[in-house]
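Good morning, and thank you for coming. I would like to speak today about charged side chains and about the packing of helices. Please look at the sequence and the model before we begin.

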Amino acid sequence: MDGSKEGGGEDEESVREVLRDRLRLSSISLAQSQALRDGMEVSEPVLACIADLSFKYAEQLAIDVEQFARHAGRKYVNMEDVILSAHRNEQLARSLRSFSNGIKVKEPQSEKKRKKTSSRKEEKAAPSTIHVLDL
C-alpha cells in the first residue's frame with residue numbers, strides 16, 4: 001500500500017484512506033455514544049486521539065492476523081488467527097471464542113458433510129423405510 005505498485009497503487013491508497021476515514025468516524029461515534037450513555041463529555045482532541053489509536057490498532061491487528069495465517073502455511077486468514085491475535089487480552093480472546101462457537105453452531109453443514117451423513121443414514125435405514133413429503 002505504499003503506492004509503488006504499477007496501475008493499482010493510487011487506487012489502493014485511496015481505498016485505504018476511505019477505510020481509514022470510515023473507521024475513524026465509527027470510532028468517534030462509538031466514543032461519543034458511550035460517553036452520552038455514561039453521562040460524560042469527551043473533548044474533540046480526545047476523540048481524535050481515540051480515532052487515531054483505533055486505526056493504528058486495526059493496522060497492527062491486520063498485520064498480526066496475516067502473519068499467523070502465513071505461519072500456519074495458509075494464504076487466507078481464519079477465525080483462529082483472529083482469536084490468536086487477541087492472546088494478550090484474555091477477556092477479548094474469551095469473547096472471540098464465544099462468538100466463534102456461536103457462528104459454528106449456526107453454520108450449515110457443507111455439501112460434503114451432508115452427502116456423508118445422508119449416505120450413512122441410507123445405509124442404516126431399513127429397506128422398507130419410505131420417505132413421505134409433508135403437504
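In which helix do Glu 13 and Arg 16 both lie, and how many residues apart are they? They belong to helix H1, which covers residues 9-37, and they are three residues apart, about one turn of the helix. Please keep in mind that this model is predicted.

Glu 13 and Arg 16 are joined by a salt bridge, and their closest N and O atoms are 4.0 Å apart. As for their surroundings, Glu 13 is partly exposed, with a relative accessible area of 23%. Arg 16 is likewise partly exposed, at 22%. In total, the structure holds nine salt bridges, and I shall discuss two others.

The next pair lies in helix H2, residues 44-71. Here Glu 66 and Arg 70 are four residues apart, again about one turn of the helix. Their side chains meet in a salt bridge with an N to O distance of 2.8 Å. Are these two residues buried, partly exposed or exposed? Arg 70 has a relative accessibility of 55% and therefore counts as exposed, whereas Glu 66, at 40%, counts as partly exposed.

The third pair is Asp 81 and Arg 74, which form a salt bridge with the closest N and O atoms 2.8 Å apart. Why does Asp 81 count as buried? Its relative accessibility is 2%, and buried means under 20%. Its partner Arg 74, at 30%, counts as partly exposed.

Salt bridges can also share partners: in this way Glu 13, Arg 16 and Glu 59 are joined into one network.

Let us now turn to the packing of helices. Two packed helices are described by the angle between their axes and the distance between the axes. For H1 and H2, the angle is about 130° and the axes are 8 Å apart. The two helices are therefore oblique to each other, and their crossing is right-handed.

Which residues make this contact? On the H1 side they include Arg 16, Arg 20, Leu 23 and Ile 28. On the H2 side, Leu 47, Ile 50, Phe 55 and Glu 59 are among them. Sorted by class, the contact has nine nonpolar, three polar and five charged residues.

I would ask you to look once more at Arg 16 and Glu 59. Both take part in the salt-bridge network with Glu 13, and both belong to the contact between H1 and H2. Thank you for your attention.

Notes. Residues numbered from 1 in each chain as written. Predicted model: local features only at pLDDT ≥ 70, side-chain atom pairs only at ≥ 80, totals over all residues. Heavy atoms only, no water. Buried < 20%, exposed > 50% of the residue type's maximum accessible area, 1.4 Å probe, protein only. Axes fitted to C-alpha atoms, helices over the stretch in contact; angles between N-to-C directions. Parallel < 35°, antiparallel > 145°, perpendicular 65-115°, else oblique. Left-handed = near helix turned anticlockwise from the far one by under 90°. Contact = heavy atoms within 4.5 Å. Nonpolar A, V, L, I, M, F, W, Y, C, P; charged D, E, K, R; others polar.
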